[in-house]
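Trainee: Could you take a close look at a single part of this model for me, and then work outward from it to its surroundings? Please give the cut-offs behind each term as you go.

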Amino acid sequence: MKYKVFGKTKIKVSKVGLGFWQIGSTSWKGDVNKAKEIVKQALDSGINFFDTAEIYGNGKSERSLGNALKDLNALDSSFVATKVGGFRPSEYFIEKGIRRSIENLGFKPHLLQLHWPPPMWIPLCSTIKGLEKMIDKGYVDFIGVSNFPGKLLNEALNCTSKHEIISNQIEYNLAYRVPEIDVFPIAKKENVEIIAYSPLAKGALAGALNPYSLAQKSDKKFNIIKNDNELISALNKISQKRNYTWSQISLKWIINNNALPIPGTRNKNRVIEYANSSEIELSEDELSLLNNVSNKYVNMWGNKYNNLGSIRYVPCLLQYIGIKLAGGA
């Protein structure tokens with residue numbers, strides 16, 4: 001496993017992390033009982049970056065990750081990131097969220113991210129300053145955001161007065177490259193770490209082209225990829241030549257674009273495959289091939305990042321109630 005300095009911090013993290021949405025999630029039906037074996041395999045493979053969120057399974061993901069890391073005595077050797085929902089618009093509500101996350105995890109996480117921007121009518125700086133206060137109060141070491149388009153990321157960066165935003169977690173993969181338009185330029189300029197969720201497009205870029213979960217069946221990108229013969233052909237060509245898996249090729253492409261992919265899994269054996277992606281090499285010709293066949297995905301989905309953008313028109317209370325009734329995400 002290769003490592004990198006995480007954004008503006010001096011902390012070294014693995015170039016591939018592990019996302020914990022699938023474990024405990026209502027969308028994936030992930031088995032929380034497998035959490036410990038998955039985390040152990042990750043640690044044995046050199047992965048030390050773990051990401052979760054309060055809404056994943058309504059706390060089940062945080063609890064399963066926290067219990068696994070404690071049982072494995074791996075707290076000192078791991079970097080844990082969690083997220084509070086965008087329905088927490090102020091210091092008071094953010095504090096309620098992080099206190100709950102700490103209770104779920106059983107320890108203080110390193111990074112607290114706002115899962116999506118607050119509703120349109122709430123002053124962004126009020127929310128960002130609330131995040132800052134969580135560092136002052138000793139709940140976390142660092143703060144970040146998630147699903148922030150370039151314009152809002154720039155605004156958020158200008159809101160801080162004492163502590164800096166160190167990361168933006170966004171969807172990014174070979175079949176969803178719109179962040180390159182508006183998010184990447186600002187992140188590069190301000191040294192904001194890009195954490196790439198859904199780096200394998202819910203398994204489609206790993207070769208799992210037959211959807212079996214609600215998360216896959218409801219994803220437009222998944223269904224487009226499975227019919228993209230040009231992209232599939234390129235992945236197959238490199239895979240056959242190099243004896244790399246699709247997952248490894250797709251993750252390495254993201255690493256080469258200076259982002260930190262956090263694939264998820266319900267199978268510990270996939271973790272080894274993910275970890276090894278940081279060690280493989282892709283030639284300039286192979287990278288050019290991947291860029292060329294996926295170039296259409298730079299602006300296929302619009303000219304700016306807009307994931308979860310529609311939720312910003314929903315009042316915080318309705319967001320919270322909806323997620324609670326659904327049992328989390």
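Mentor: Helix H10 lies across strand S9 (193–197) and strand S10, and runs at about 155 degrees to S10. That angle is taken between N-to-C directions, on a scale from 0 to 180 degrees, with the axes being lines fitted to C-alpha atoms, for helices over the stretch in contact. Contact here stands for heavy atoms within 4.5 Å, while helices (H or I, at least four residues) and strands (E, at least two) are DSSP runs numbered from the N terminus. Please keep in mind that this is a predicted model, in which local features need pLDDT of at least 70 and side-chain atom pairs count only at pLDDT 80 or more, whereas totals for chains, interfaces and linings use all residues. Residues are numbered from 1 along each chain as its sequence is written, and side-chain values use heavy atoms, with hydrogens and water left out.

Within H10 (residues 246–256), Ser250 is a useful residue to start from. Its relative accessibility is 1%, so Ser250 counts as buried; the scale calls a residue buried under 20% relative accessible area, exposed over 50% and partly exposed in between, with a 1.4 Å probe and protein chains only. Once residues up to four places away in sequence are set aside, Ser250 touches Leu174, Leu200, Leu205 and Leu235.

A loop residue also reaches H10. Leu282 sits in the loop between helix H11 (268–276) and helix H12 (284–294), and it counts as buried because its relative accessible area is 8%. Its contacts, leaving aside neighbours within four places in sequence, include Ile249, Lys252 and Trp253, as well as Ile238, Arg242, Tyr244, Leu287 and Leu290. Between Leu282 and Asn256 there are 9.1 Å from C-alpha to C-alpha, although the two are 26 residues apart in sequence. H11 also holds Asn276, which is classed as partly exposed because its relative accessible area is 36%.

Now consider the sheet that includes S9 and S10. This open sheet has eight strands in the order S3-S4-S5-S6-S7-S8-S9-S10, with parallel pairing, and its edge strands are S3 (18–19) and S10 (259–261), each of which pairs on one side only. Two strands are taken to pair if DSSP finds at least two bridges between them. At the S3 edge, two bridges join S3 to strand S4 (residues 49–51) in the parallel sense, and Gly19 stands opposite Asp51 in S4.

Further along the order, strand S6 (residues 111–114) is joined to S7 by four bridges, the two running parallel, with Gln113 opposite Gly144 in S7. Strand S7 (residues 142–146) in turn pairs with S8 over three bridges, again in the parallel sense, and there Val145 stands opposite Asn168 in S8. Four of the five residues of S7 are buried, which leaves that strand mostly covered. Strand S8 (residues 165–171) has seven of its seven residues buried, so it is largely enclosed by the rest of the structure.

From S9, the chain leads to another buried residue: Ser198 lies in the loop between S9 and helix H7 (214–217), and it counts as buried because its relative accessibility is 14%. Apart from neighbours within four places in sequence, Ser198 is in contact with Glu171, Tyr172 and Asn173.

Finally, the empty space. The structure holds one cavity of 30 Å³ or more, and the largest cavity has a volume of about 70 Å³. On a 1 Å grid over the protein atoms alone, a cavity is a set of points where a 1.4 Å probe fits but cannot get out, a pocket is an open set with protein on both sides within 12 Å along at least five of seven lines, and lining residues have an atom within 4 Å of a point. Grid points are joined across faces, edges and corners, and a volume is the space filled by probe spheres set on the points. The residues lining this cavity are Glu54, Ile55, Asn58, Phe87, Arg88, Arg100, Tyr320, Ile323 and Lys324, and helix H13 (residues 316–325) supplies the largest share, three residues.
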